[in-house]
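Biologist: I am new to this structure and would like a close look at a single part of it. Could you take me slowly through chain B and what surrounds it?

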Amino acid sequence: MHIPDNYLSPATCGTLIAAMAPIWTVAGIKVKAQIKRHHETLPMLGIAASLAFLIMMFNLPIPGGTTAHAVGGTLLAVLIGPWAACLALTVTLLLQALLFGDGGILAFGANALNMAVIMPFVGYACYRLGQKLHHEKLGLAIGAYVGINTAALVAGIELGLQPLLAHTASGAPLYCPYGLNVAVPAMLTAHLLIAGWVEVAFTLLVFQFVKKVAPTNLYQVPARTNQRPWIALLLGLAALSPLGLLASNTAWGEWDATELKQRLVQQHVSTSAPRGMVHGFHFQALFSNYDIAGLPISMGYILSALTAVLIFLLLIRGLQHETNTINH
Amino acid sequence: MKPTPSTTNLPEWLSNPTTSPSRPSKVNFWQRNQRHLRGLLNHLAQPTPIVTDQRWHITPQIKLIRLLALVILIALINNVVLLWGLALLLGSQLLWLPPQQLRQFMSHWLVSIGIAAIFVLPSYWLAGPATLGFFIFKTSLMLANAQYYRFTTSVQDLLTGLKALHCPDIFIMTLAIALTYLRMLGQHLLLTMEALELRTVAPTKHPYRLIGALFGNLYLKSYTYALELYAAMEARGFNGHYSRGIASSNHWRDYLALSPALVAWMLFIFWGR
Amino acid sequence: MLLLKLVNICYDYPNTCGLDQLSLDIHAGEFVCLMGPNGSGKSTLLRILSGLASPTTGDYQFDGQAITATYLADAQRRQQLHQRIGMVFQNTDVQLFNTSVAEEIAFGPRQLGLASAVIEQRVTDCLELTDCQDLRDRIPYQLSGGEKKRVALASVLALNPEVLLLDEPLNGLTIAAQQQMLTLLQRLQASGKTIIMASHNYQQVQAVAERFIIFNSTHQIDADLARADLNQQPDRQAQLMTL
């Protein structure tokens with residue numbers, strides 16, 4: 001599920017990293033509270049990150065002789081808590097991107113959103129729901145399945161939006177060449193049919209083992225939760241959402257929904273007769289068409305990134321003050 | 001006291017040889033995983049020697065900034081001439097790699113391009129050869145830059161760079177712990193698989209149950225490691241701040257090293273469109 | 001009967017040497033103790049004997065059959081070798097992965113396709129031999145270090161191997177448990193098993209092992225002596241005491 005570089009437009013990457021910033025901030029605050037209760041959570045973040053790395057590189061056999069691998073997002077959320085899992089998986093993804101070339105450097109925000117946020121939180125929510133209804137294992141199984149598939153769906157949408165968001169004047173896609181009609185089904189089929197079930201089996205069996213052997217080592221839900229970080233997360237996301245529009249506005253903001261649809265149709269019509277075939281392969285002429293991006297998009301990108309960073313810093317500043325007053 | 005041997009009460013089955021059943025075995029995924037894990041552990045134990053040119057030594061944070069600046073730039077640019085220039089820039093940097101490393105670089109790079117290209121090849125029928133060629137060109141350029149960074153930066157440099165760029169302490173500490181324990185947990189996982197193999201005397205019917213036990217144990221081991229590590233951290237007076245020596249302050253060489261990326265950015269902004 | 005034969009074995013780790021030009025014959029029914037400083041190659045030799053690692057150069061024969069990387073590539077042959085050669089790891093944490101001690105011991109015999117009554121008998125016998133009866137329903141993960149050692153030995157014994165390889169089996173055991181373990185090993189030897197154990201504590205194994213293979217820090221065999229011969233060399237004995 002790791003999205004490599006150049007499949008997502010820089011605007012999308014920037015937006016997703018900006019969207020991740022408040023989530024990481026809140027996760028940091030939540031985990032600090034968890035560390036106060038269980039000191040070992042601090043080193044556990046790093047160790048869990050390496051555990052996730054090993055889970056992702058372990059080949060599991062699937063019928064038919066091939067292999068797949070689990071991601072372990074839901075499992076980690078249940079084992080060390082969803083916020084800690086979010087941070088640990090983020091570190092894993094960063095390691096993979098920077099040191100092992102697995103997943104893109106710019107696409108890091110997108111990969112983190114899919115695998116370090118959506119997957120553990122969706123999975124954990126299902127697990128908690130199941131726990132409340134006294135069907136813990138069922139909840140976990142559903143959580144693992146729904147979690148990985150939601151993440152795959154979001155990844156499919158991220159990829160599938162690219163031809164709409166970034167293309168040349170003639171409609172040739174600049175980044176991921178597949179539209180929603182290809183990317184989403186492709187991602188979902190693979191995960192609904194195979195990867196999802198692998199994830200379920202893996203998650204359930206490891207959970208069952210730990211539950212039986214050392215039930216106290218599972219994440220214990222704190223008795224009373226502080227609602228403030230949630231509110232902060234929502235506020236942060238709300239503050240950043242217009243930035244997402246700003247970042248991608250220059251590419252497609254002037255169209256409304258129906259025009260967008262027309263664009264999509266037009267794009268796929270043009271596919272039946274690619275320019276390369278019609279006009280022959282003329283190097284200079286071909287590539288001169290790609291010069292649509294320029295000053296406005298880059299400046300907008302920089303400005304939005306700077307604004308996001310500033311808001312992010314302000315948010316940390318504000319929250320720091322609050323947590324300090326709570327402590328004293 | 002010398003123990004006295006006696007066979008009187010040894011069970012009978014222990015004194016007679018046991019014959020193991022001969023059943024055909026299927027493809028063994030345990031072996032494959034052991035091989036992958038050994039590869040990873042070898043890589044971690046003996047990373048590719050990092051090229052450090054003393055004359056052109058630049059600080060880790062500048063390296064990181066240069067990487068990000070170049071990758072973002074390549075993603076943004078749609079002008080072939082500029083991209084070409086960046087490719088030449090990177091190519092000339094590669095000239096300074098020792099031959100052995102250059103070969104390694106090339107093989108890793110070609111493999112990663114191959115993997116990235118597999119997914120995009122079907123789009124040939126969707127968007128034509130020009131789009132496909134352009135996409136693969138840009139992707140390979142980005143991959144080459146990332147690969148060059150990996151080849152010229154040690155793990156320690158990465159951590160120092162992140163620290164110098166004011167990354168939160170908790171994050172850097174987590175990253176450092178993750179790197180250290182990746183090796184220890186990997187070693188533990190490998191030994192467990194070997195122990196499992198030694199006691200596997202016939203094809204296993206339900207490998208998944210064993211995998212559950214394997215990773216369940218690995219999680220419990222990581223939990224033990226975490227407890228030990230925290231105790232050790234506390235014993236050494238850990239106060240929640242992770243400090244790491246920051247390399248010498250920025251030097252003119254650092255700006256010189258950044259200058260090609262900056263020039264490319266300028267060209268992109270004022271001329272690229 | 002010549003059971004294990006090593007000729008000019010070298011084993012190289014990625015950046016260090018593990019074993020250097022090692023030749024060795026071990027007969028069925030011997031009780032051999034590998035001694036030497038840490039990192040001198042004892043564990044590496046045990047890994048080669050068990051079939052977990054293949055020597056870089058040199059020949060290894062088990063019961064007349066050359067054990068090469070190609071031979072081990074076949075899963076069925078590998079499994080047959082593992083049935084005949086059992087190994088207790090130094091770090092027994094990695095060896096115990098079931099949810100109860102009884103399950104742990106039954107893991108091997110169950111694969112052999114034995115009847116459940118036979119398996120049950122083996123479990124009971126192994127628990128009794130290693131003095132673990134009271135641990136039967138405990139969870140291996142929660143046991144103490146010494147208990148884990150005993151359970152690991154029991155789980156290997158349940159497969160009834162001809163050769164028992166033990167890597168530092170006495171570490172973490174109380175004095176009484178050490179005596180018990182050594183007595184058991186002697187009994188197993190008397191019933192025809194070949195015992196090869198690595199240790200760096202000469203005092204513990206002095207009375208039980210019959211042959212001492214002493215490694216030096218350059219990964220070579222320094223001396224290969226029967227107990228009676230070693231007893232004639234007080235200098236060497238004194239040197240072994242300081243390992």
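Modeller: A nonpolar core, as the term is used here, is a set of buried Ala, Val, Leu, Ile, Met, Phe, Trp, Tyr and Cys residues that are joined through C-beta atoms within 7 Å. With that in mind, and remembering that this is a predicted model, we can begin with the largest nonpolar core, which has 223 residues, and in which A:A48 and A:A88 are the residues with the most contacts inside the core. Chain B takes part as well, since this core draws at least three residues from each of domain 1 (57-153 + 246-273) and domain 2 (167-242) of chain B. Apart from that core lies another, of eight residues, and among them are A:A172 together with B:V120, B:L132 and B:F135. To return to A:A88, its contacts, leaving aside neighbours within four places in sequence, are with A:L45, A:A48, A:A49, A:A52, A:L76 and A:I80.

Turning to chain B itself, we find it divided into domain 1 (57-153 + 246-273) and domain 2 (167-242), and the C-alpha centres of these two domains of chain B lie 35 Å apart.

Next comes the side that faces chain A, where 66 residues of chain B are in contact with 66 residues of chain A. On the side of chain B that touches chain A, at least two residues each are supplied by α2, α3 (60-76), α5 (99-120), α6 (124-152), α7 (155-164), α8, α9 and α10 (252-272) of chain B, and of these α9(B) gives the most, with 19 residues. By character, the residues on this side of chain B divide into 45 nonpolar, 16 polar and five charged.

Chain B also touches chain C, and there 38 residues of chain B are in contact with 40 residues of chain C. The elements of chain B that give two or more residues to this side are α1 (12-15), α2 (29-45), α8 (169-198) and α9 (207-235), with α8(B) giving the most, namely eight residues. The residues of chain B that touch chain C divide into 19 nonpolar, 14 polar and five charged.

Finally, a word on confidence: the predictor gives the complex an ipTM of 0.90 and a pTM of 0.82, while chain C has a mean pLDDT of 90, with 100% of its residues reaching 70 or more. As a general caution, where pLDDT is low, the predicted coordinates should not be read in detail.

Technical notes: Residues are numbered from 1 along each chain as its sequence is written. Chains are lettered from A and ligands numbered from 1 in the order in which they are written. This is a predicted model: local features need pLDDT of at least 70, side-chain atom pairs count only at pLDDT 80 or more; totals for chains, interfaces and linings use all residues. A residue is buried if 20 or more other C-beta atoms lie within 10 Å of its own, exposed if 12 or fewer, and partly exposed in between; C-beta atoms are placed from the backbone. Domain bounds come from an automatic or database domain assignment. Two residues are in contact if their C-beta atoms, placed from the backbone, lie within 7 Å. Helices (H or I, at least four residues) and strands (E, at least two) are DSSP runs, numbered from the N terminus. Ala, Val, Leu, Ile, Met, Phe, Trp, Tyr, Cys and Pro count as nonpolar, Asp, Glu, Lys and Arg as charged, and the others, Gly among them, as polar. pLDDT is the predictor's confidence in each residue, from 0 to 100.
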